Amino acid sequence: MTSRETTMTQPTLSTTDLDARARELSWYHSLELAPGVVTPGFFDTRPTVAKVPLPADLTGKRCLDVGTWDGFWAFEMERRGAASVTAIDIEDPTRWDWPPQSTFGPAGQARLGYLREFKSGAASFAFAKETLGSSVKRLDCSVYDLDPAVHGTFDFVFLGSLLLHLRDPVLALDRVRGVCGGEAVFAESIELIPSLTHPRTAVARLEGLDESWWWQPNAAGFRRMVRSAGFEIIDRTGIYFLPLGEAHPKPPLHTAWRSLGSARGRERIVTRVKGIPHTAVRARPLG
Ligand SMILES: C[S@@+](CC[C@H](N)C(=O)[O-])C[C@H]1O[C@@H](n2cnc3c(N)ncnc32)[C@H](O)[C@@H]1O
């Protein structure tokens, strides 16, 4: 028996009760809590595990998951043998770095209220952690506040689907570099059409108004951000898709086809059919 196995506790609830308890909570991730029990997530991250260049073996490593939400990637690192996993997130959506205008007025406030309830003080993470018998340590900490003097350095860092929500993604990557003593994997949302039409030119579209995102880079733009923050890219994926999960609203396709006339509309159809386009890199700090 390995030391990891000694820390695991098996769920004591029956499969039916576990499923029912899980369904009382809101989930961002589709997490397999036990054989046949998968949380009804907003996104189904499971198929992307085979695409992302996460090291197969993290035995003995001190790992960090940035923007963990329900902890999918933190638990995955633990599964791969990490000696310890720290997971950071910001629980209160009013402290997120969203474009100010997206939070203004009754609609913006209602959205923040919905998200606060959705996150409900990390209740789903706590439930998953207990069910999986996990030792992941969660901190309420912004990526911008990562500090080697406070948090130490990590052998491996994962950051996923976060940069688009940040006003200053390069600063965030720079803060990750400050605590990264080994390698990092960044797996991010990118814009599909400019990634296909401009595969070698780094571009990013600034949103920053009513939506919850700021910069929408193409794949080359995302890789340039990583390099600009002082990382060397040692491995990269092509474009892959993060599928919508059971809980994600899915507009009927016959209405979606009406959006074919605009680039945004075409991207919405791709999202509906295949998921959110992503690409990932494995990188190490320069210098
Ligand atoms: C889109 S979710 C991505 C979840 C997960 N990283 C993944 O790849 O599946 C973004 C997460 O980042 C968190 N977040 C937002 N701003 C943050 C910040 N400044 N620092 C750390 N986490 C943040 C959010 O609370 C949310 O849990």
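In this predicted model, the side chain of Asp-89 places an N or O atom 2.5 Å from an oxygen atom of the ligand. Lys-119 joins in too, with a polar side-chain atom 2.7 Å from an oxygen atom of the ligand. Ser-142 meets the ligand at another kind of atom: here an N or O atom of the side chain sits 3.1 Å from a nitrogen atom of the ligand. Taken alone, the ligand would expose 600 Å², and the protein buries 95% of that.

Stepping back to the whole shell, 18 residues surround the ligand. Asp-89 and Lys-119 turn up again here, listed among the closest together with His-29, Gly-67 and Val-143. Sorted by class, the shell comes out as ten nonpolar, six polar and two charged residues.

Asp-89 has a further partner besides the ligand. Its side chain meets that of Arg-138 in a salt bridge, with 4.0 Å from N to O. This pair ties together distant parts of the chain, as Asp-89 belongs to strand β6 (residues 84-89) and Arg-138 to strand β7 (residues 137-140), 49 residues apart. Across the structure, the count comes to 16 salt bridges.

Arg-138 and Lys-119 then lead on to the cavities. The structure holds two of them at 30 Å³ or more, and both of these residues help line the second largest. That cavity has a volume of about 30 Å³. The rest of its lining is made up of Trp-69, Asp-70, Glu-91, Ala-122, Ser-124 and Phe-125. By class, this lining divides into four charged, three nonpolar and one polar residues. Lys-119 therefore has a place in two parts of this account: a polar atom of its side chain lies 2.7 Å from a ligand oxygen, and the residue also lines the second largest cavity, where a lining residue has an atom within 4 Å of a cavity point.

The largest cavity has a volume of about 40 Å³. Its walls come from Leu-163, Leu-164, Glu-188, Ser-189, Trp-215, Pro-217, Phe-222 and Met-225. Three elements, β9 (180-189), β11 (215-217) and α9 (219-228), each supply at least two residues of this lining. What is the make-up of the lining of the largest cavity by class? Six of its residues are nonpolar, one is polar and one is charged. For the second largest cavity, the corresponding figures are three nonpolar, one polar and four charged.

Technical notes:
Residues are numbered from 1 along each chain as its sequence is written. This is a predicted model: local features need pLDDT of at least 70, side-chain atom pairs count only at pLDDT 80 or more; totals for chains, interfaces and linings use all residues. Side-chain values use heavy atoms; hydrogens and water are left out. On a 1 Å grid over the protein atoms alone, a cavity is a set of points where a 1.4 Å probe fits but cannot get out, and a pocket is an open set with protein on both sides within 12 Å along at least five of seven lines; lining residues have an atom within 4 Å of a point. Grid points are joined across faces, edges and corners, and a volume is the space filled by probe spheres set on the points. Helices (H or I, at least four residues) and strands (E, at least two) are DSSP runs, numbered from the N terminus. Ala, Val, Leu, Ile, Met, Phe, Trp, Tyr, Cys and Pro count as nonpolar, Asp, Glu, Lys and Arg as charged, and the others, Gly among them, as polar. A residue is near a molecule or strand if one of its heavy atoms lies within 4 Å of it. A polar contact is a pair of N or O atoms within 3.5 Å; within protein, one must be able to donate a hydrogen and the other to accept it, and residues adjacent in sequence count only if both atoms are side-chain atoms. Accessible areas come from the Shrake-Rupley method with a 1.4 Å probe; for residues, only the protein chains shown count as cover.
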